[in-house]
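Subject: Structure handover

Hello,

Here is the structure you asked to look at. Please open it first and keep it beside you while you read the notes below.

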Amino acid sequence: MEATQLGKILIIDDNEDLLFAAKMLLKKHAKEVSIEKDPRRIPFLINNNSFDVILLDMNFTEDTTSGKEGFHWLKTIKEIDPQAVVILITAFGDVEMAVQALKEGATDFILKPWQNEKLLATLTSASRLKESYNQVDKLSKKQKQLQSDLKKPYEDIIGTSASMKNIFSIIDKVAQTDANILILGENGTGKELIARAIHERSLRRDEIFVGVDMGAITETLFESELFGHKRGSFTDAKEDRAGRFEIADQGTLFLDEIGNLSMPLQSKLLTVLQKREVTRIGTNKSIPVDIRLICATNMPLHEMVMDNTFRQDLLYRINTVEIFLPPLRERLDDIPILANHFLKIYSAKYRKQFDGFTASAMQLLQGYSWPGNIRELQHAIERAIIMADGSELDARDFFFLSAKPVNERVAAQATFNLDEVEKTTIQKVIDKNGGNISKAAKELGLTRASLYRRLEKYGL
């Protein structure tokens with residue numbers, strides 16, 4: 001038995017010999033053992049400490065046989081802490097008293113003199129019960145926090161530009177359906193934030209959200225990670241393991257970087273999505289799964305379908321609704337609000353006070369191309385805060401950013417180069433349609449695949 005298995009124990013009994021004997025026995029198995037002979041100190045002890053298990057004598061010197069004192073103090077404890085785990089001790093136990101004690105809220109009942117093994121076993125069970133109470137309490141608090149967060153829509157997704165408003169509108173429409181979602185966008189644009197926002201507003205919000213980075217899973221571990229395995233099914237399979245699909249059952253499964261999957265792995269994934277069941281490696285038993293699927297990638301899947309590097313039937317399966325996240329360089333209006341958001345976070349983290357940004361600093365931030373998108377902006381603000389000495393962040397505090405003029409669209413407008421003109425036109429139409437690729441392609445007279453090829457060509 002591990003030294004801390006029993007947690008913090010409180011023993012209340014008017015027999016000092018019993019108290020010290022119990023403490024000597026339990027201190028080897030518990031994190032902490034407290035003893036008290038005067039039950040009148042119970043309110044003070046309970047209000048000022050957190051105990052995993054309380055051992056309470058039923059009979060004190062004033063009333064040695066009826067157990068009335070024990071029941072009185074049991075009621076007092078439960079009024080102070082309704083989730084207290086209390087084990088009653090008596091030398092005059094009988095069935096009726098045990099039943100009454102359980103009705104009054106006791107967890108268990110032991111007789112003295114006790115057997116050490118019996119006492120330890122009873123305390124171990126009680127400690128596990130207390131641990132389960134704590135877990136339920138944590139989940140309850142987590143749920144309350146989630147509900148509170150839902151009242152502040154999109155708090156973690158910062159943006160007031162037309163494209164972001166369009167994305168918020170799409171989320172509101174699709175969240176409470178079970179439609180499969182495909183999120184497209186460059187690295188650092190916040191694809192996982194969007195996936196979590198959809199989950200938190202869905203009918204599955206009380207269930208688990210499981211994220212998987214498909215780009216980090218090797219070919220050999222793909223089936224084990226996603227579908228699970230049976231102990232002994234391969235060299236490192238030392239125990240039965242549920243895959244991510246099983247874990248996400250009833251909840252949301254987020255497959256990030258899905259464009260990195262090889263064709264054979266795409267085929268295996270498609271089979272599971274079609275059958276809605278998985279089979280662990282080393283077994284023949286099919287396990288049904290009920291998930292809401294959200295996928296994301298920075299790769300042009302439609303073009304990859306044309307190049308036969310991504311299965312068309314898999315694409316149809318995963319993109320009932322498609323969301324395109326524009327790069328930060330196309331959301332210039334959102335940079336000030338994002339910058340101030342990160343300024344607030346990192347000022348608090350590093351305990352530094354700033355009044356904001358100088359005009360030159362904000363001009364620089366809105367002029368830079370941000371190849372790393374929001375993630376790069378976040379890191380840039382953090383770095384500047386660490387190194388800055390003034391009361392405002394100035395352009396000099398961002399010396400590490402490239403001096404290359406950022407807004408290439410502005411420069412493109414002063415040229416008659418056909419590629420530059422096409423690039424500028426495409427960007428304007430995408431902005432006009434709030435980032436909706438289908439609408440933009442239609443207005444430009446292009447197919448979606450053709451538009452994706454141009455987006456890739458121009459790095460848009």
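In what order do the strands of the open sheet that contains β7 and β14 stand? This is a predicted model, and in it the five strands follow the order β7-β10-β13-β6-β14, with parallel pairing. The edge positions belong to β7 (209-213) and β14 (321-325). Each of these two has a single partner strand, so one side of each has no neighbour in the sheet. On average, and with direction ignored, neighbouring strands here are turned by 15° against each other.

One pairing in this sheet can be followed residue by residue. The partner of β7 is strand β10 (residues 252-256), and five bridges join the two in the parallel sense. If you want a place to start, find Asp213, which stands opposite Asp256 in β10.

There is also an open sheet of five strands with the order β2-β1-β3-β4-β5, and its pairing is parallel. Which strands stand at its edges? They are β2 (32-36) and β5 (108-111); each pairs with a single strand, so one side of each is left without a neighbour in the sheet. From one strand to the next, the twist averages 20°.

At the β5 edge, strand β4 (residues 86-90) pairs with β5 in the parallel sense over four bridges. Thr90 has Leu111 of β5 as its bridge partner. A helix goes with this sheet too: α3 (residues 68-80) lies across β3 (53-57) and β4, and runs at about 155° to β3.

Next, a pair of helices. Two packed helices are described by the angle between their axes and by the distance between those axes. For helix α18 (residues 437-444) and helix α19 (residues 448-458), the angle is about 100° and the axes are 9 Å apart. Angles of 65 to 115 degrees count as roughly perpendicular, so α18 is roughly perpendicular to α19. On the α18 side, the contact is made by Ile437, Ser438, Ala440, Ala441 and Leu444. On the α19 side, it is made by Arg448, Leu451, Tyr452 and Leu455. Sorted by class, this contact has seven nonpolar residues, one polar and one charged.

The last topic is empty space. Rolling a probe the size of a water molecule over the atoms shows where such space is left.

The largest pocket has a volume of about 500 Å³. How many residues line the largest pocket? There are 23, and those nearest its centre are Gly188, Thr189, Gly190, Leu193 and Ile374. Helices α7 (191-200), α13 (335-349) and α15 (373-387) are the elements that give two or more residues to this lining. By class, the lining of the largest pocket has ten nonpolar, six polar and seven charged residues.

As for cavities, the structure holds one of 30 Å³ or more. The largest cavity contains about 60 Å³ of space. Its lining includes Ser163, Phe324, Pro326, Pro327 and Glu330. Further along the chain, Gln427, Ile430, Asp431, Gly435, Leu455 and Leu460 also line the largest cavity. Helix α17 (residues 418-432) gives the largest share of this lining, three residues. The lining of the largest cavity divides into six nonpolar, three polar and two charged residues. Leu455 appears twice in these notes: it takes part in the contact of α19 with α18, and it lines the largest cavity.

Regards

Terms used: Residues numbered from 1 in each chain as written. Predicted model: local features only at pLDDT ≥ 70, side-chain atom pairs only at ≥ 80, totals over all residues. Heavy atoms only, no water. Axes fitted to C-alpha atoms, helices over the stretch in contact; angles between N-to-C directions. Parallel < 35°, antiparallel > 145°, perpendicular 65-115°, else oblique. Contact = heavy atoms within 4.5 Å. Nonpolar A, V, L, I, M, F, W, Y, C, P; charged D, E, K, R; others polar. Pairing = 2+ DSSP bridges. 1 Å grid on protein atoms, 1.4 Å probe; cavity = no way out; pocket = protein on both sides within 12 Å on 5 of 7 lines; lining within 4 Å. Points joined across faces, edges and corners; volume = space filled by probe spheres on them.
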